[in-house]
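Open the model in a viewer and keep the sequence panel visible. The stops below can be selected one after another.

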Amino acid sequence: SLVERIKRYECWTEGTTNGVVLDRSEVDWLIEMGYDQLVFSIDGVEPATMQRLRGADIEKIWDILRYIRDRKKQWNSFKPQIVTGFIAQSDNLHELPGLVRKLSDLNISFLAIDTLHYRKYIPGTDDRYAMLYHDFALANLDRRRVEALLEEARLLAEKANIGWGVYIDLDRFYRDADEDAD
């Protein structure tokens, strides 16, 4: 009812999902309501990666994205716009080009690439996020490899007409990693 009220006032509606709980009837309702934008958090194309990082069944996500694409076409609707968010980590970045390939025929309007936010790891502390960052930060990969994967994915997105944004300051990440190593 909140979305219905907001749409009556012609306000922008947007939400984020991992796609697991979204079903076909909800998609039909979102399209009917003119829901503006739906962001899918997808951090890989491999089933094991998505299960580990998002607790999600990637095949269910592909199915719902195909359903959204097809229903929007049937209803001649451009809403909701579909955006994908990818959190780049040292253990999943290699999947980014494959993700773009998979998204290329799903009518995705934008792909946003971000990464884990920096937190200094201090050995002996029980800061779980700092440990996660320490273990999976992009700076654990060779910078040239990171740049090459980002560029490959960017070119694929451009070819597929998917908007693209990378919100990662590699200079800072590698500088912070060097400082932490000292």
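Start with the largest pocket and select α8, which supplies four residues, the largest share of the lining. The model is predicted, and the pocket volume computed from it is about 210 Å³. Now add α6 (128-136) to the selection: α6 and α8 are the elements that give two or more residues to the lining. To find the centre of the pocket, show Y133, H134, N140, A177 and D180 as sticks; of the 13 lining residues, these lie nearest to the centre. Colouring the lining by class gives seven nonpolar, two polar and four charged residues.

Keep α8 (residues 170-181) selected and add α7 (residues 143-159). Two packed helices are described by the angle between their axes and the distance between the axes. Here the axes come within 12 Å and cross at roughly 155°. How are α7 and α8 oriented to each other? The crossing angle is over 145°, and the two helices are therefore roughly antiparallel. The crossing of α7 past α8 is right-handed. For the side chains, select R143, V146, E147 and L150 on α7, then L170, D171 and Y174 on α8, which they meet. By class, this contact holds four nonpolar and three charged residues, and no polar ones.

Stay on α7 and bring in α5 (residues 96-103). The axes of α5 and α7 are 8 Å apart, at an angle of about 10°. That angle makes α5 roughly parallel to α7. On the α5 side, select L96, P97, V100 and R101; on the α7 side, select L149, L150, E152, A153, L156 and A157. The residues of this contact divide into eight nonpolar and two charged, with no polar residue. L150 is worth a label: it is listed in the contact of α7 with α5 and also in that of α7 with α8.

Clear the selection and move to α2 (residues 24-33) and α4. These helices pack at an angle of about 35°, with their axes 10 Å apart, and α2 passes α4 in a right-handed crossing. Which residues make the contact? From α2 they are R24, V27, D28 and I31, and from α4 they are D63, I64, Y67, I68, R71 and K72. Five of the contact residues are nonpolar and five are charged, while none is polar.

Two backbone details come next. Most residues other than glycine have a negative phi, and most peptide bonds are trans. From α4 (58-74), follow the chain into the loop before β3 (81-88), where P80 lies. The peptide bond from K79 to P80 is cis, with omega near -5°. Then go to E10, in the loop between α1 (2-8) and β1 (14-17). Phi of E10 is positive, near 60°, and the residue is not glycine.

Finish by zooming out and switching to a cartoon. How many helices and strands does the protein have? Its secondary structure comes to eight helices and five strands. Tracing the cartoon along the sequence gives the pattern α-β-α-β-α-α-β-α-β-α-α-β-α. With the view aligned to the principal axes, the C-alpha trace spans about 60 × 35 × 30 Å.

Key. Residues are numbered from 1 along each chain as its sequence is written. This is a predicted model: local features need pLDDT of at least 70, side-chain atom pairs count only at pLDDT 80 or more; totals for chains, interfaces and linings use all residues. Side-chain values use heavy atoms; hydrogens and water are left out. Axes are lines fitted to C-alpha atoms, for helices over the stretch in contact, and angles run from 0 to 180 degrees between N-to-C directions. Angles under 35 degrees count as roughly parallel, over 145 as roughly antiparallel, 65 to 115 as roughly perpendicular and the rest as oblique. A crossing is left-handed if the near helix is turned anticlockwise from the far one by less than a right angle, and right-handed if clockwise. Contact means heavy atoms within 4.5 Å. Ala, Val, Leu, Ile, Met, Phe, Trp, Tyr, Cys and Pro count as nonpolar, Asp, Glu, Lys and Arg as charged, and the others, Gly among them, as polar. On a 1 Å grid over the protein atoms alone, a cavity is a set of points where a 1.4 Å probe fits but cannot get out, and a pocket is an open set with protein on both sides within 12 Å along at least five of seven lines; lining residues have an atom within 4 Å of a point. Grid points are joined across faces, edges and corners, and a volume is the space filled by probe spheres set on the points.
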